[in-house]
Amino acid sequence: MRTHVYQLQDILNAFKRRKVLTKDELLDAVGCSTMTAWRLLRQYGYFTSYNDNARHYTLVDIPRFDQRGLWTYHQARFSKWGSLTDTIVGLVGESSAGLTADQLRRLLHLKDAQPLLLRLTQRKLLTREKMEGCFVYFPFQETARGRLQTQRTKEIERARATRALPPAEHIVALLVQIIQRPRDTPRQWARRLAQRNIRIGTRDIQAILEHYGIDSKKGLLNF
């Protein structure tokens, strides 16, 4: 009896039936050894999922990546960059103004992006800057980083310019607090106002200070 010689077409036929397969599913469908399967996959080109510990496989010409370079098939998630690490670095590099951890978490459907982002900054694959109270991640390469930081700053400035201020009576109450307690922080002013049922967040306070050109460290006495 002749031994079957597995060919690339055996792999292609398996993926014609199902677009995404796990290792066990692929071996069961084709009937070849692990080494033979990987040799044939490398010959054609393939992607592994960036989620679920790279458990899912698909052929290189199957995914239809969206404008972000991402593709989802049932629970398996793929990117044009391959691994999760490369995907995060790639997404940040192709972003218009850097990305926050929360933006990456929602975009990639992760439970928590912070640990990996910390490792990427330690390895100097990314860098970060605190802007508007949260860290924004940028490419480590200086030219790309500078361009994206400039764009992020412009977006923040536009958002500040269009941000609606609280009602006038809330602004007056805040100014009274600043006069009475000029050494307090915005968080402390907000807490004291909340005790009087005046709800103003620290971002609203910052917007008021910037609108009227008040330095929170100097208060109104030097305004």
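## Charge and overall form

The mean positions of the protein's 38 positive and 21 negative charges lie 2 Å apart. The model is a predicted one. Its fold contains ten helices and eight strands.

The radius of gyration is 26 Å, whereas a compact globule of 223 residues would have one near 17 Å. The C-alpha trace spans about 95 × 40 × 30 Å along its principal axes.

## Surface and packing

About 14,000 Å² of the protein is exposed. Carbon and sulfur atoms supply 48% of that area. Of the 223 residues, 40% count as buried.

Contacts can also be sorted by sequence separation. Among those with a separation of 6 or more, 48% join residues 24 or more positions apart.

## Thr87 in helix H4

Thr87 sits in helix H4, which covers residues 84–94. Its relative accessible area is 0%, so Thr87 counts as buried.

The side chain of Thr87 makes a polar contact of 2.4 Å with the side chain of Ser79. Ser79 also appears in the contact list of Thr87, which leaves out neighbours within four places in sequence. The other residues on that list are Tyr50, Leu70, Trp81, Gly82 and Leu108.

## Leu8 in helix H1

Leu8 belongs to helix H1, residues 8–17. The residue is buried because its relative accessible area, 18%, falls under the 20% cut-off.

Once residues up to four places away in sequence are set aside, Leu8 touches Leu40, Gln43 and Tyr44. A C-alpha distance is available for another pair: Leu8 and Thr36 are 9.7 Å apart in space. In sequence, 28 residues separate Leu8 and Thr36.

## Thr100 in strand E6

Strand E6 spans residues 99–100 and includes Thr100. With a relative accessible area of 11%, Thr100 is buried.

Thr100 has contacts beyond its neighbours within four places in sequence. Its partners are Cys134, Phe135, Val136, Tyr137 and Arg152.

## Arg105 in helix H5

Arg105 is part of helix H5, residues 101–108. At a relative accessible area of 30%, Arg105 is partly exposed, because that value lies between the 20% and 50% cut-offs.

A polar contact of 2.5 Å links the side chains of Arg105 and Asp102. Leaving aside neighbours within four places in sequence, Arg105 is in contact with Leu110, Lys111, Asp112 and Ala113. The C-alpha atoms of Arg105 and Ala144 are separated by 22 Å. Along the chain, these two residues are 39 residues apart.

## Positive phi in two loops

Asp52 is not a glycine, yet has a positive phi of about 55 degrees. Asp52 lies in the loop between strand E2 (46–48) and strand E3 (56–59). Its relative accessibility is 40%, so Asp52 counts as partly exposed.

His74 is not a glycine either, and its phi is positive at about 55 degrees. The loop that holds His74 runs between strand E4 (70–73) and strand E5 (76–79). His74 is exposed because its relative accessible area of 64% is over the 50% cut-off.

Note on methods
Residues numbered from 1 in each chain as written. Predicted model: local features only at pLDDT ≥ 70, side-chain atom pairs only at ≥ 80, totals over all residues. Heavy atoms only, no water. Helix = DSSP H or I, 4+ residues; strand = E, 2+ residues; numbered from the N terminus. Buried < 20%, exposed > 50% of the residue type's maximum accessible area, 1.4 Å probe, protein only. Polar contact = N/O pair within 3.5 Å; in protein donor to acceptor, adjacent residues only side chain to side chain. Contact = heavy atoms within 4.5 Å. Rg over C-alpha atoms; globule rule 2.2 N^0.38 Å. Areas by Shrake-Rupley, 256 points an atom, 1.4 Å probe, with all protein chains shown as cover. Lys, Arg positive; Asp, Glu negative; His and termini not counted. Charge placed at Lys NZ, Arg CZ, Asp CG, Glu CD.
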